[in-house]
2 protein chains.
Amino acid sequence: MKTPLTKSDCVIQILQTATVIWRESRRFFRPFGLTEAQFNILNLLGQSPNGLCQRELSDRLVVDRSNITLLLDRMTAHGLLVRNDVPGDRRRYRVCLTEKGLSLWRRIHPHYEKALAHLVENLAAEDTKQLLKNLQEMELQAKTWKEELS
Amino acid sequence: MKTPLTKSDCVIQILQTATVIWRESRRFFRPFGLTEAQFNILNLLGQSPNGLCQRELSDRLVVDRSNITLLLDRMTAHGLLVRNDVPGDRRRYRVCLTEKGLSLWRRIHPHYEKALAHLVENLAAEDTKQLLKNLQEMELQAKTWKEELS
DNA sequence: TTAAGATTGTTGATAATGCAACTAATTTTT
DNA sequence: AAAAATTAGTTGCATTATCAACAATCTTAA
């Protein structure tokens with residue numbers, strides 16, 4: 001593009017960067033038999049010893065509840081997790097990793113962290129701090145998008 | 001999360017911010033009868049008076065060629081664009097907006113720019129410049145991801 | 001306590017997405 | 001010129017994704 005840079009170009013760049021990261025990360029998860037979406041579930045549950053309910057997964061991963069249902073169905077079919085009852089609330093399930101799911105997570109997790117670290121290895125600590133801050137600010141702004149389009 | 005911040009947290013934050021921007025932007029495009037993916041096509045073609053071939057759309061939008069096929073099929077059905085022949089090459093199409101598509105783009109585009117600007121309105125020009133640079137660096141790193149996962 | 005309201009997860013419809021395999025056409029090699 | 005390699009677009013398949021509507025359950029208020 002020959003057009004001069006504007007401030008909003010960095011919004012486009014965020015989407016572009018995220019898209020590329022997603023595309024590349026798929027290659028990594030495939031050998032483990034996981035999609036990126038499935039890994040996100042696995043990774044979140046791996047860090048939640050008490051399990052999470054579907055609503056929590058949905059909120060934390062910014063994924064629709066109905067989508068969570070399908071994802072969990074498939075992962076359950078693969079023996080990676082189970083839906084346990086929640087004592088006081090019969091609407092909810094406590095989604096927990098099985099032994100198989102947990103051991104898969106333990107196997108992937110260090111590689112994942114290493115892969116993430118590779119992305120930022122050329123950035124100064126100060127840069128990543130600022131980056132994090134600015135991204136959070138933009139996320140906040142996005143959430144308060146209201147009537148910019150009629 | 002109680003865990004201390006690490007540099008790679010900003011990678012997670014990129015994905016999170018992008019996800020939120022996507023989710024919110026869908027609300028904007030819906031009144032125009034467009035999905036986010038369809039708008040991206042419209043927006044790119046709107047800025048390309050001579051049209052683009054599907055491969056170019058695929059590369060620029062980081063979307064699989066097969067996906068472009070389906071997107072264009074739907075948009076063609078809605079009368080937004082056409083596939084013209086390319087004189088010297090019978091493999092390709094020159095994808096162009098119709099009058100309807102172009103006028104839709106002209107109607108949406110200013111709102112879109114305004115919406116993007118809103119996301120960065122609280123950031124200093126210096127910040128967005130740095131943000132852009134860092135994001136590009138990370139995109140580059142992602143493209144050279146190799147054997148971080150076994 | 002009962003009625004209204006909110007929450008949780010599921011289902012069905014439709015769209016988006018990527019991958020592999022394929023056809024047709026062009027370009028490069030030999 | 002013929003064969004080999006590359007490129008452009010399509011198709012089939014499975015997954016991911018959102019949305020709207022729904023049933024079951026819990027919570028709050030009248």
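The surface near DNA strand C (near: a heavy atom within 4 Å of the strand) draws at least two residues each from α3, α4 and β2 of chain A and from α2 (36-46), α4 (65-77) and β2 (89-97) of chain B. Helices (H or I, at least four residues) and strands (E, at least two) are DSSP runs, numbered from the N terminus. This is a predicted model, in which local features need pLDDT of at least 70 and side-chain atom pairs count only at pLDDT 80 or more, while totals for chains, interfaces and linings use all residues. Residues are numbered from 1 along each chain as its sequence is written, and side-chain values use heavy atoms, without hydrogens and water.

**DNA strand C**
- α4(B) gives the largest share of this surface, five residues.
- Of the 27 residues around the strand, A:Gln54, A:Arg55, B:Thr35, B:Ser66 and B:Arg74 come nearest.
- Sugar or phosphate accounts for 70% of the strand's atoms within 4 Å of the protein, and bases for the rest.
- A side-chain N or O atom of A:Gln54 lies 2.7 Å from a phosphate oxygen of the strand.
- For A:Arg83 the corresponding distance to a phosphate oxygen is 3.1 Å, and for A:Arg26 it is 3.4 Å.

**Cysteines**
- The structure has zero disulfides over all chains (a disulfide is a pair of cysteine sulfur atoms within 2.5 Å).
- The sulfur of A:Cys96 is too far for a bond, because the closest cysteine sulfur, in A:Cys53, is 11 Å away.
- B:Cys10 is in no disulfide either, and the nearest cysteine sulfur, that of A:Cys10, is 14 Å away.

Methods: Chains are lettered from A and ligands numbered from 1 in the order in which they are written. A polar contact is a pair of N or O atoms within 3.5 Å; within protein, one must be able to donate a hydrogen and the other to accept it, and residues adjacent in sequence count only if both atoms are side-chain atoms.
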